[in-house]
Amino acid sequence: MSRMRQFALIAALLPLAACMEDDTPPPADTADACGAAALQSLVGQDRAAVTEAGLTPDRKTRIFGPGAALTMDFREDRVNVELDAADRVVRIYCG
């Protein structure tokens with residue numbers, strides 16, 4: 001393969017690398033910096049239970065359902081409450 005073709009191939013594939021998700025877990029010392037462990041009893045509950053627990057969407061709390069557009073930034077102090085299509089909590093985690 002010529003140098004020019006190699007360069008063109010690399011130039012074409014490089015932007016794809018920027019789109020890949022980082023599946024690296026957060027460092028152990030920050031894994032529960034947002035307090036998600038204490039909220040695990042809400043898993044399986046409906047959205048009303050989330051509100052009753054005092055969680056409302058703000059800078060440090062993100063409540064979202066299927067298909068929601070989310071930023072990919074990791075914030076160790078932010079609680080993420082993931083809901084299913086029936087508005088039941090399926091996962092609570094930091095990030």
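Two strands pair if DSSP finds at least two bridges between them. I wrote that down before looking at the sheet. The model I have open is a predicted one.

**Entry 1: the sheet**

I looked up the strand order and found an open sheet of three strands, β1-β2-β3, with mixed pairing. I noted that β1 and β3 (89-94) are at the edges; each has a single partner strand, so one side of each has no neighbour in the sheet. From one strand to the next, the twist averages 15 degrees. I then checked how β1 meets β2 (residues 79-83): the two run parallel and are joined by four bridges. As background, I recorded that strands of a sheet pair through backbone hydrogen bonds, either parallel or antiparallel.

**Entry 2: the chain as a whole**

I listed the elements next and got two helices and three strands. Read from the N terminus, their order is α-α-β-β-β. The chain has 95 residues, and 23% of them count as buried. I looked up the exposed surface too: it is about 6,900 Å², with carbon and sulfur atoms supplying 58% of it. For contacts with a separation of 6 or more, I found that 38% are between residues 24 or more positions apart.

**Entry 3: Thr 61**

I went to Thr 61, which is in strand β1 (residues 61-64). Is Thr 61 buried or exposed? Its relative accessibility is 9%, and the cut-off for buried is under 20%, so Thr 61 counts as buried. I looked for its bridge partner in β2 and found Val 79. Leaving out residues up to four places away in sequence, I have Thr 61 touching Leu 55, Thr 56, Arg 78 and Val 79. Val 79 thus appears in my notes both as a contact of Thr 61 and as its bridge partner.

**Entry 4: Asp 58**

I moved back to Asp 58, in the loop between α2 and β1. Asp 58 is partly exposed, its relative accessible area being 47%. Which backbone nitrogen does the side chain of Asp 58 reach? I found that of Lys 60, at 2.9 Å. I also checked Asp 58 against Arg 78: they are 20 residues apart in sequence, and 9.3 Å separates them in space, C-alpha to C-alpha. Arg 78 was already in my notes as one of the residues that Thr 61 touches.

**Entry 5: the disulfide**

I searched for disulfides and the structure holds one. Which residues does the disulfide join? Cys 34 is joined to Cys 94, with S to S at 2.0 Å. The pair links distant parts of the chain, 60 residues apart: Cys 34 is in the loop between α1 (3-19) and α2 (47-52), and Cys 94 is in strand β3. I looked up the torsion about the S-S bond, which is about -90 degrees, so I noted the disulfide as left-handed. Cys 34 counts as buried, at 15% relative accessibility. Cys 94 counts as buried as well, at 10%. I added that β3, which holds Cys 94, stands at an edge of the sheet.

**Entry 6: Asp 87**

My last stop was Asp 87, in the loop between β2 and β3. I looked up its phi, which is near 65 degrees, a positive value in a residue other than glycine. For context, most residues other than glycine have a negative phi. Asp 87 is partly exposed, with 32% relative accessible area.

How values were computed. Residues are numbered from 1 along each chain as its sequence is written. This is a predicted model: local features need pLDDT of at least 70, side-chain atom pairs count only at pLDDT 80 or more; totals for chains, interfaces and linings use all residues. Side-chain values use heavy atoms; hydrogens and water are left out. Buried means under 20% relative accessible area, exposed over 50%, partly exposed in between (1.4 Å probe, protein chains only). Contact means heavy atoms within 4.5 Å. Axes are lines fitted to C-alpha atoms, for helices over the stretch in contact, and angles run from 0 to 180 degrees between N-to-C directions. Accessible areas come from the Shrake-Rupley method with a 1.4 Å probe; for residues, only the protein chains shown count as cover. A disulfide is a pair of cysteine sulfur atoms within 2.5 Å. A polar contact is a pair of N or O atoms within 3.5 Å; within protein, one must be able to donate a hydrogen and the other to accept it, and residues adjacent in sequence count only if both atoms are side-chain atoms.
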